[in-house]
Structures are given as structure tokens and as C-alpha cells.
Amino acid sequence: METTHKYRVLIGKPGLDGHDRGAKFIARALRDAGFEVVYTGIRRSPEEIAAAAIQEDVDAVGLSSLSGAHIRLFPAVVEALRKAGAQDIPVLGGGVIPEEDIVTLKAAGIVEIFTPGTPIDKIISAYREACEKKSSV
Amino acid sequence: MTIDRLLEGLKQRDPRAIGRAITLVENGDESAQAILSSLDEDLISQAIILGITGPPGAGKSTLTNGIISELRQSRKRIGIIAIDPSSPISGGAILGDRIRMMQHATDRDVVMRSMATRGRLGGLCATAGAAVRIMSSCGCSTIIIETVGVGQSEMDIIRLADITLLVLAPGLGDDIQAMKAGLLEVADILVVNKADCKGADILAMDLETVSRQEGATNQARVSMTVATENKGITELLERIAEVDSEHRDSGEREKRRRGAHDQEVLDWCLEILRPRLLAEITKRDLPLLGDPRLKAKEILEEQ
């Protein structure tokens, strides 16, 4: 039988900031690159994002933040996934994120961080790589 | 995850195992057969499958959310399969039905899965059918399949359902289109959502008239709801229960299950045959001239 594998990713915004243009831009770009994108919208808790990622059995989770809460919220999603036994799902993030925070976030288990000006091709190949890595486990 | 651990996880109703199982079946993985034959047939036959369709923006996801809230009050475990279209160009998809249902995201008794059409016609029916079986076998007593309606693939999905709801709203020019496409005949219950908006009464009247003309036996085929305010949901669920019990008494439920089963088997046949046939056609390197239909017949007769 023919196998029809597609990479599935979840794009969501944890926390209270409602600026979702970035998240929607990434969602559309991934769709146009052939990904199936589960979009959960704004104002989600880390636990909600983790639960949705598990039910949807996604290959990667993408988070977006503008307000500055990334330093607390992104690792909280990694932690929520770990608690739910899904530490193998990679988490990527993007937003207005200062250079020095990137190191902290990567140390907390975020695979890749994108900032304003990151070329879209680079973002898409980072997602593809993260998905490939996960499926090969 | 090994297949043994996966099957054990399904027995424990572990959300990870359920999610994984649906992916494997959806991708046509080798393990699909082992997964599907391990399921609890009794639970599958008891579950009620609701199809919810209608034009974009009619409020299907919001209504589904309202139905979930109501059913959760009676502690029922619910499965939702939300289908959105894949892009015919990139093959990608945006699956956005979860946005309206996130209030149930951390409720372990609400099992939700988004699914893209992936350009399959019949194949979608087979995949969604498998997801229904996995969910009901894992204790979901109601399964809702939600899809944007009017096209052929949506009609196929509706065939899977025991009871179909067509959701319409006033002010959408698409309503008449939905009737033309024949959805009105297959729907058991017509829901006029956004019933607090101008034109809702007229739409409900029009629908009553059309369904009477089409010889529907049900008097109260039209239900009114305001899904954003949870209005009319209790009445709608009562109506669904009535139709369900009518269908059980009259043998209609059994008849539909039979039809859905045969259709699913046919879909799987085609899914399995397609790559084989394509390989055979490619191998023959047929001349461009001549009637394709005739060539197809010749190939099939030799098989």
C-alpha cells in the first residue's frame, strides 16, 4: 500500500499577547511548503499547547511571542511536553527575542529561535530538519 | 514507539497512543492492520457518529464546541475529527478548527484530531473511518466528524455518519448552493445557526418549505441555534437523540452502517489497487494514440 507521509506541525501562541501576524505568516509559509499546519491561535497555556500537540501527533511545535514573555513561556511548553511524556516533539520559536535570550532558550531545550529578519527559507528548512530528525527516532 | 507498546497504550486510552495510531493509519503504514484489528468491536458498534457539515463561516466549529460542552456535562467521552482542505498546489494545509474548541484542550475525555483531505477522494473516507474506529474503541461514545460541505469528498464523509447535521446561517449567499449540491437531502437535521441575526427566521421558513417539497417525513427538521451563546444546543441534542432512536427502530441506522462499511471496503480496495495499476500502466509504456478507456479495460481484464 502507498504510504502518504506528511509533516505535521503545530503553530501556537502561548501567553497573553495577541499579536498573531508572525504566527500566521509562518503557518502560511509552512502550508505553502507542503506542511500540514495545526493552528491553535492566540492566548494558549503551555499545557493546552502540549495536549493539542500530542492529540494531533505533530512532528514539531512552533511558538511565537512578541511581548517579551518568551523566556518563561517557551521553556514552559518544553516542560509541559516532557511532563506529558512527549519530550521527543521538538519545539521551535520565533519573535522579538534579544540575542542574549537565545542562548538561554536553547539551553532550555528550544531547538531553534528565529528573530525579525530571519529569511523564510531558513525557517522552513529548520522546521523540515526538526521534523525529519523526530521521525527518524 | 513499538507496535506492542502502541497497542497496550490504546488499551489504556493513552492520548499519545491514540494520536500515533491515527497517524500510522492515515499514512498507510504497515502497522495499520495490526492496529485496526486490535480494536474493540462492541464499543465501535455502540458509538454514535455525527456528521456536521455546511458552508465556511456558518459556525460548524463553534456549534461543535457547544455540543462538546453539553455532552461533557453528562460526562460522556467524545471524539472529534475536523477535516480541512489540502492545497492542491503545495499539498500543505492549515488545520484551524481547534481554535474554536481550545477550551476543551486539556480535557482528557475530549479526543480531537484535525485531518487534511490530502487530495484523496474516497481515501479520505477510509482514513476518517479508521479514525472513528480508533476513537470509539478508546471509549468515545459520540464521534463528531466536521467538514466544510458541498464537494464530493464531503459527501463521502457524510456517508460515514449515523446522523448528519447541515449547518447554515443567514446572510451567506452559499445557502442556495448547498441545496443545489444535494446536501439538503442527505442531512437529517438542518441547523440555522446565528439565529439571533437578521434573516434567520426567513431562512428557517425557506428550509422547512424546501424539505416539505422534497417529501421529508420529519416535521421538525429545522433547529435554531446561537452557538456563540450556547443557545438551542440542549434542544438540538434532544432532537438528535430522537432521530437516533427513530433510526434504530426503523433499521435505518443498521442500513447506513452497512452502506458505510461497504463503501469503506471499496475505498480501501481502490487505495490498494491504485499504486499497483499505476505501476502496470507505466511498465507498459503505452502509445499516446488510442482510447484510454479501451486500454484501461484491457489492463483490467488481464489482471
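Two residues count as being in contact when their C-beta atoms, placed from the backbone, lie within 7 Å. Keep that cut-off in mind as we walk through this predicted model.

**First stop: a helix across strands**

Select helix H11 of chain B, residues 233-250. Through such contacts, H11(B) lies across four strands of chain B: S1 (48-54), S6 (163-168), S7 and S8. Compare its direction with that of S7(B), and you will find an angle of about 170°.

**Second stop: the sheet of chain B**

Now bring up the sheet itself. It is an open sheet of 7 strands, in the order S4-S2-S5-S1-S6-S7-S8 of chain B, and the pairing is parallel. Look at its two edges, where you will see S4 and S8 (222-224) of chain B; each has a single partner strand, so one side of each is left without a neighbour in the sheet. On average, and ignoring direction, neighbouring strands here are turned by 20° against each other.

At the S8(B) edge, select residues 189-192 of chain B, which make up S7(B); 3 bridges join this strand to S8(B), and the two run parallel. Find Val192(B) there, with Met224(B) of S8(B) standing opposite.

**Third stop: strand S4(B)**

Move to the other edge and select residues 110-116 of chain B. Is this strand buried or exposed? Of its 7 residues, 7 are buried, so S4(B) is largely enclosed by the rest of the structure. Colour its two faces separately: Val110(B), Met112(B), Ser114(B) and Ala116(B) are on one side, with Val111(B), Arg113(B) and Met115(B) on the other, and both sides are covered. The partner strand is S2(B), residues 78-84, which runs parallel to S4(B) and is joined to it by 7 bridges. One pair to pick out is Ile83(B) with its bridge partner Met115(B).

**Fourth stop: Ile18(B)**

Next, select Ile18(B), which sits in helix H2 of chain B, residues 15-26. Ile18(B) is buried, with 27 other C-beta atoms within 10 Å. Leaving out residues up to four places away in sequence, what does Ile18(B) touch? The answer is Leu10(B), Val111(B), Ile134(B) and Cys138(B). Val111(B) is familiar from the previous stop, as part of one face of S4(B).

**Fifth stop: where the chains meet**

Show both chains together. Here 32 residues of chain B are in contact with 30 residues of chain A. On the chain B side, H2, S3, S4 and helix H12 (252-284) each supply at least two residues, and the largest share, 6 residues, comes from H2(B). By class, this side of chain B has 13 nonpolar, 11 polar and 8 charged residues.

**Last stop: a sheet with strands from both chains**

Finally, trace the open sheet of 6 strands in the order S5(A)-S4(A)-S3(A)-S1(A)-S2(A)-S3(B), again with parallel pairing. S5 of chain A (112-114) and S3 of chain B (93-95) are the edge strands, each pairing on one side only. Neighbouring strands in this sheet are turned by 25° on average, direction ignored.

Helix H1 of chain A, residues 21-32, packs on the sheet, touching S1, S2 (36-44), S3 and S4 (91-95) of chain A together with S3 of chain B. The direction of H1(A) makes about 175° with that of S1(A).

Zoom in on S1(A), residues 8-14, and S3(A), residues 60-65, which pair over 4 bridges; Leu10(A) has Val61(A) as its bridge partner. Then cross between the chains: S2(A) and S3(B) pair in the parallel sense over 3 bridges, with Leu95(B) as the bridge partner of Val38(A).

Technical notes:
Residues are numbered from 1 along each chain as its sequence is written. Chains are lettered from A and ligands numbered from 1 in the order in which they are written. This is a predicted model: local features need pLDDT of at least 70, side-chain atom pairs count only at pLDDT 80 or more; totals for chains, interfaces and linings use all residues. A residue is buried if 20 or more other C-beta atoms lie within 10 Å of its own, exposed if 12 or fewer, and partly exposed in between; C-beta atoms are placed from the backbone. Two strands pair if DSSP finds at least two bridges between them. Axes are lines fitted to C-alpha atoms, for helices over the stretch in contact, and angles run from 0 to 180 degrees between N-to-C directions. Ala, Val, Leu, Ile, Met, Phe, Trp, Tyr, Cys and Pro count as nonpolar, Asp, Glu, Lys and Arg as charged, and the others, Gly among them, as polar.
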